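Please open the structure in your viewer and keep the selection tool ready. The tour proceeds one selection at a time.

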Amino acid sequence: MTISSILGAIVIGAVIGALGRLVLPGKQDIGIILTIVVGIVAALIGTFIVGSLQNTRGLDWVEILVQVVLAAIGIAIVAGIKGGRRTVR
């Protein structure tokens with residue numbers, strides 16, 4: 001991997017993660033780093049799922065939609081797991 005591909009993955013992950021958070025109602029109690037990580041994973045899985053089914057030029061809106069839905073699901077799971085670990089004072 002080159003440095004440009006790593007930076008590209010971080011940027012795409014941040015965008016997909018942010019869109020995934022916007023889709024979810026309410027406030028998600030996770031940080032930006034977890035949002036980017038979930039976005040990167042969702043982008044990779046979405047590309048793997050849809051990319052093998054279609055071969056288009058330019059933006060593939062179906063692929064982006066699948067990535068955002070996967071990011072929303074991932075963020076909901078991470079927020080649920082992180083929200084479940086509250087300390088009692």
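Select Glu63 together with Gly46, Thr47 and Val50: Glu63 touches these three residues, when residues up to four places away in sequence are not counted. The model is a predicted one, and the tour describes what was computed from it. Glu63 itself lies in helix H3. Is Glu63 buried or exposed? Its relative accessible area is 16%, and because buried means under 20% relative accessible area, Glu63 counts as buried.

Now display the whole protein chain as a cartoon. The chain contains three helices and zero strands, and its pattern along the sequence reads α-α-α. Of its 89 residues, 26% are buried. Among the contacts with a separation of 6 or more, 66% join residues that are 24 or more positions apart.

Next, select Ile16, which is found in helix H1, residues 3-23. With a relative accessibility of 5%, Ile16 counts as buried. Which residues are in contact with Ile16, leaving aside neighbours within four places in sequence? They are Gly39, Ala42, Ala43, Gln67, Val68 and Ala71.

Keep Ile16 selected and add Ala71. These two residues are 55 residues apart along the chain, yet their C-alpha atoms are separated by 6.6 Å. Ala71 is in contact with Ile16, Gly17, Gly20, Val38 and Ala42, again leaving aside neighbours within four places in sequence.

Extend the selection to the largest nonpolar core. Its five residues are Ile16, Ala42, Ala43, Val68 and Ala71. Helix H2 and helix H3, the latter spanning 61-84, each supply at least two residues of this core.

Clear the selection and turn to the surface. Choose Ile33, which has its place in helix H2, residues 32-51. Is Ile33 buried or exposed? Ile33 counts as exposed, because its relative accessibility is 60% and exposed means over 50%.

Then add the other members of the surface patch to which Ile33 belongs: Ile32, Val37, Val41, Ile45, Phe48, Ile49 and Leu53. Together with Ile33, these residues make a nonpolar surface patch of about 830 Å².

Finally, show the surface of the entire protein chain. Its accessible surface comes to about 6,300 Å². Carbon and sulfur atoms account for 72% of that surface.

Terms used
Residues are numbered from 1 along each chain as its sequence is written. This is a predicted model: local features need pLDDT of at least 70, side-chain atom pairs count only at pLDDT 80 or more; totals for chains, interfaces and linings use all residues. Side-chain values use heavy atoms; hydrogens and water are left out. Patches are made of residues with over 30% relative accessible area and no salt bridge: like charges are joined within 9 Å, nonpolar side chains (Val, Leu, Ile, Met, Phe, Trp, Tyr) within 5 Å. Accessible areas come from the Shrake-Rupley method with a 1.4 Å probe; for residues, only the protein chains shown count as cover. A salt bridge is a side-chain nitrogen of Lys or Arg within 4 Å of a carboxyl oxygen of Asp or Glu. Helices (H or I, at least four residues) and strands (E, at least two) are DSSP runs, numbered from the N terminus. Buried means under 20% relative accessible area, exposed over 50%, partly exposed in between (1.4 Å probe, protein chains only). A nonpolar core is a set of buried Ala, Val, Leu, Ile, Met, Phe, Trp, Tyr and Cys residues joined through side-chain atoms within 4.5 Å. Contact means heavy atoms within 4.5 Å.
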